[in-house]
Amino acid sequence: MFDNAHRPWLHADTRLLGPDPVPAGLAARVHGAWTAFARDGDPGRARYDPSAGPRRIRTT
């Protein structure tokens, strides 16, 4: 599942991965994060608190 980032149908301005090349090691990092979550149950972020209201995470 995580080794499909090279597939041409995923790349274009309006496609899932956009027009730029995928960062090296992305599939390995995503796979590692998912397997760690399945193994440990820890998503690697703060636990969701519905009383805190909506949140937005900006990366730019």
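# Notebook: a chain with one helix

**Surface.** I began with the accessible surface of the protein chain, which comes to about 5,700 Å². Carbon and sulfur atoms account for 57% of that surface. I noted at the outset that this is a predicted model.

**Burial.** Next I looked up how much of the chain is buried. Of its 60 residues, 3% count as buried.

**Fold and extent.** I then asked how many helices and strands the protein chain has. The secondary structure comes to one helix and zero strands. The radius of gyration is 15 Å, whereas the globule rule gives 10 Å for 60 residues. The value is well over the rule, so the chain is more spread out than a compact globule. I also took the box along the principal axes, and the C-alpha atoms fill roughly 40 × 30 × 15 Å.

**Charges.** I counted 9 positive and 6 negative charges on the protein chain. Their mean positions lie 4 Å apart.

**Aromatic pair.** My search for ring pairs returned one aromatic pair in the structure. The partners are Trp-34 and Phe-37, with ring centres 6.1 Å apart. Why do I log the pair as edge-to-face? The planes stand at 70 degrees, and planes over 60 degrees apart count as edge-to-face. Both residues sit in helix α1, which covers residues 26-40. Trp-34 and Phe-37 are three residues apart, about one turn of the helix. I checked the cover on one of the partners: Phe-37 has a relative accessible area of 35%, and is partly exposed.

**Salt bridge.** I ran the salt-bridge rule and the count came to one. Which side chains meet in it? They are those of Arg-39 and Asp-40, at 3.1 Å from N to O. The cut-off for this contact is 4 Å. I looked up the accessibility of each partner. Arg-39 is at 61% and counts as exposed. Asp-40 has a relative accessible area of 48%, so I entered Asp-40 as partly exposed. The limit for exposed is over 50%.

**Before the helix.** I picked Trp-9 and Pro-21 for a look at the segment before α1. Trp-9 lies in that segment, and at 55% relative accessibility Trp-9 counts as exposed. I took the separation from Trp-9 to Leu-26: the two are 17 residues apart along the chain, and their C-alpha atoms are separated by 17 Å. Pro-21 also has its place in the segment before α1. Is Pro-21 buried or exposed? At 74% relative accessibility, Pro-21 counts as exposed. From Pro-21 I went to Trp-34, a residue of the aromatic pair. Pro-21 and Trp-34 are 13 residues apart in sequence and 22 Å apart in space, C-alpha to C-alpha.

**After the helix.** My last stop was Gly-44. Where is Gly-44 found? It is in the segment after α1. Gly-44 has a relative accessibility of 67% and counts as exposed. I closed with its separation from Gly-32: 12 residues in sequence and 12 Å in space, C-alpha to C-alpha.

Notes:
Residues are numbered from 1 along each chain as its sequence is written. This is a predicted model: local features need pLDDT of at least 70, side-chain atom pairs count only at pLDDT 80 or more; totals for chains, interfaces and linings use all residues. Side-chain values use heavy atoms; hydrogens and water are left out. Rings of Phe, Tyr and Trp (its six-membered ring) pair if their centres lie within 6.5 Å; planes under 30 degrees apart count as stacked, over 60 as edge-to-face and the rest as tilted. Helices (H or I, at least four residues) and strands (E, at least two) are DSSP runs, numbered from the N terminus. Buried means under 20% relative accessible area, exposed over 50%, partly exposed in between (1.4 Å probe, protein chains only). The radius of gyration is taken over C-alpha atoms; the globule rule is 2.2 Å times the number of residues to the power 0.38. Accessible areas come from the Shrake-Rupley method with a 1.4 Å probe; for residues, only the protein chains shown count as cover. Lys and Arg count as positive and Asp and Glu as negative; His and the chain ends are not counted. The place of a charge is taken as NZ of Lys, CZ of Arg, CG of Asp or CD of Glu.
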